[in-house]
Amino acid sequence: AELLKALPAVGEVSSSETLYHCLLSLFRSAAPAEAQPSELIDRAKQYIGAHFAEAISLMDIADSLKVTPNYLSAVFHSATGESYIKYLTRIRMQHAGALLQDSTLKIADVAGQCGYYSVKNFFRVFKSTYGQTPNEYRSAQEHRA
C-alpha cells in the first residue's frame, strides 16, 4: 500500500524511463536489506549449533539462510578461516569429547548424538582430531578425574 501511495500519478510521469527509475527506487527501498556477511555467518553458526547431530549439508544451511551454497561457502571461509565442513567437524568433536566424559554412554550412542551414523567413521575422525581413539580418550579423562 505504501508503494502505491508513493507512485506518482499517471499524468505526472513524463516518460516510461522516468516510471522505470521511480519504480526501481521504490522497490529498492522496500526490499529487505541483504544480511551483512557477519550476520550471515552468525546465523550459519547458530544453524550448525542447533543441527550438528543431524546429517546436514552446506545446501541445507544455505537454503535456510536464503543464499547460494557457493556464496555461503566463500563468505564462511573468509570470515572464519575454515571451511563449513571443518567447522562442523570441530563442533561435533567438541561435543563428542564432552559426551565421552560420561562413562555410561556407549561409543555408538556418542557417535549418533554427534551426527555420525557410522561408528567406524566416527572413530576415524575422532582419532584424527584427538590423536587417540574414543576409548583411549575416555580412559585418559577418567584418570585425570
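The following questions and answers concern a predicted model of one protein chain.

Q: How many helices and how many strands does the secondary structure of the chain come to?
A: From the N terminus on, the elements run α-α-α-α-α-α-α-α-α. The secondary structure therefore holds no strands, as helices and strands are DSSP runs, and the totals are nine helices and zero strands.

Q: On which side or sides of helix α4 do its buried residues lie?
A: Helix α4 spans residues 58-65, and its buried residues are Leu58, Ile61, Ala62 and Leu65. Because these residues cover an arc of only 95° around the axis, they lie on the same side of α4.

Q: Which helices do the buried residues of α4 pack against?
A: Buried here means under 20% relative accessible area. The residues of α4 that meet this limit are Leu58, Ile61, Ala62 and Leu65. Their packing partners are α3 (37-51), α5 (69-80) and α6 (84-99).

Q: Which element gives the largest share of the largest nonpolar core?
A: Of the 18 residues in this core, Ile48, Ile61, Leu72, Phe76 and Tyr84 touch the most other members. The elements that give two or more residues to the core are α3, α4, α5 and α6. The largest share is five residues, and it comes from α3.

Q: Which residues does Ile48 touch, not counting residues up to four places away in sequence?
A: A contact requires heavy atoms within 4.5 Å. With residues up to four places away in sequence left out, Ile48 touches Ile56, Ile61, Phe76, Tyr84, Tyr87 and Leu88.

Definitions and conventions: Residues numbered from 1 in each chain as written. Predicted model: local features only at pLDDT ≥ 70, side-chain atom pairs only at ≥ 80, totals over all residues. Heavy atoms only, no water. Buried < 20%, exposed > 50% of the residue type's maximum accessible area, 1.4 Å probe, protein only. Helix = DSSP H or I, 4+ residues; strand = E, 2+ residues; numbered from the N terminus. Arc of directions from axis to C-beta. Core = buried A, V, L, I, M, F, W, Y, C linked by side-chain atoms within 4.5 Å.
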